[in-house]
Amino acid sequence: MSTLLDNLNWRYATKKFDATKKISSEDLNTLKEAVRLAASSYGLQPYKVVIVENPEIREQLKAAAYGQTQITDSSQLFIFANDLNAGAESVDAYIKNISETRGVPAEALGGFADMMNGVISNLSQDAKNIWTAKQTYIALGTLLAAAAELKIDATPMEGFNPAAFNEILGFDKLGLNASVIATVGYRHTEDDTQHYKKVRKSHEELFITI
């Protein structure tokens, strides 16, 4: 059985997907559950994850991603959209979820709610949006690792026009912003980059222990 490190060595940013191969419903649900379980600040998850399968929409998005074929040839396109309106309403919903999940009275969570509200309310709008966007990258990393475990190819992508994505998907009306995207599916045999040796910094170059 392959280990996590084996699978992380196996994965790479796929440049050419096999459009004829689709992820099974079971594996897709596993990827979704992995993303759902991803860490986030306070556990607040201030974002939405939109999975695009519609071919017409994906063609529009490809044009807004500089014609990159991964957008249309992959099995699914994951769009991580950060919440532009994170605040008291988000905290209230989270506190309600904690109360129902753990069987704890909401009143007992008042101190936690006040702490979250205090931190978030003190952020400028720009700082708040940067913070929520950062959370999407944690979820993205979880998706990449989970896909590697399933031997599913995944490509994280920042090369797209967020404003165009927001307009195409109606995110502006939902208080969302396309932060980062990932295409998932299966590598094409003609993708030469799958044979490239992985290049990373050495332990000595990357890690500092103090």
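K151 is partly exposed, with a relative accessible area of 33%. In this predicted model, K151 belongs to the loop that joins α7 (125-149) to β3. Its backbone deserves attention: K151 has a positive phi of about 55° although it is not a glycine. The background to this remark is that most residues other than glycine have a negative phi. Q45 offers a second case, with a phi near 50°, again positive in a residue other than glycine. Q45 is found in the loop between α2 and β1, and Q45 is partly exposed, with a relative accessible area of 33%. Both loops lead into strands, and the description now turns to the chain and its sheet.

The chain has 210 residues, of which 40% count as buried. Its secondary structure comes to 10 helices and four strands. Read from the N terminus, the elements follow the order α-α-β-α-α-β-α-α-α-β-α-α-β-α. Along its principal axes, the C-alpha trace spans about 60 × 45 × 35 Å. Contacts between residues at least 6 apart in sequence can be sorted by separation, and 79% of them join residues at least 24 apart.

The four strands form an open sheet in the order β1-β2-β4-β3, with antiparallel pairing. The edges are held by β1 (47-52) and β3 (153-157); each has a single partner strand, so one side of each is left without a neighbour in the sheet. From one strand to the next, the twist averages 25°. In general, strands of a sheet pair through backbone hydrogen bonds, either parallel or antiparallel.

At one edge, β1 pairs with strand β2 (residues 76-83) in the antiparallel sense over six bridges. Within this pair, V52 stands opposite L77 in β2. Helix α2 (residues 25-36) packs on the sheet and touches β1 and β2. The direction of α2 makes about 20° with that of β2. Helix α3 (residues 55-63) also lies across β1 and β2, but α3 runs at about 65° to β2.

At the other edge, β3 is joined by five bridges to strand β4 (residues 176-185), and the two run antiparallel. M157 stands opposite I181 in β4. How far is β3 enclosed by the rest of the structure? Four of its five residues are buried, so β3 is largely enclosed. This strand therefore combines an edge position, with one side lacking a neighbour in the sheet, with enclosure by the rest of the structure.

A single residue in a helix shows how burial can be read at the level of side-chain surroundings. T72 has its place in helix α4 (residues 70-73). Is T72 buried or exposed? With a relative accessible area of 19%, T72 is buried, because the limit for that class is under 20%. Leaving aside residues up to four places away in sequence, T72 touches R58, E59 and K62. These three residue numbers fall within the range of helix α3 (residues 55-63).

The remaining topic is the open space in the model. Rolling a probe the size of a water molecule over the atoms shows where empty space is left. The largest pocket holds about 670 Å³ of space. Its lining consists of 20 residues, and those nearest its centre are G43, L44, Q45, Y94 and N97. Q45, described above for its positive phi, is thus found again here, as one of the residues nearest the centre of the largest pocket. The elements that give two or more residues to this lining are β1 and α5 (88-102). Which element supplies the largest share of the lining? Helix α5 does, with eight residues. By character, the lining of the largest pocket divides into nine nonpolar, six polar and five charged residues.

The second largest pocket contains about 220 Å³ of space. Of the 14 residues that line the second largest pocket, R11, Y12, T193, Y196 and K198 are the closest to its centre. The lining of the second largest pocket divides into five nonpolar, three polar and six charged residues.

How values were computed. Residues numbered from 1 in each chain as written. Predicted model: local features only at pLDDT ≥ 70, side-chain atom pairs only at ≥ 80, totals over all residues. Heavy atoms only, no water. Pairing = 2+ DSSP bridges. Axes fitted to C-alpha atoms, helices over the stretch in contact; angles between N-to-C directions. Contact = heavy atoms within 4.5 Å. Buried < 20%, exposed > 50% of the residue type's maximum accessible area, 1.4 Å probe, protein only. 1 Å grid on protein atoms, 1.4 Å probe; cavity = no way out; pocket = protein on both sides within 12 Å on 5 of 7 lines; lining within 4 Å. Points joined across faces, edges and corners; volume = space filled by probe spheres on them. Nonpolar A, V, L, I, M, F, W, Y, C, P; charged D, E, K, R; others polar.
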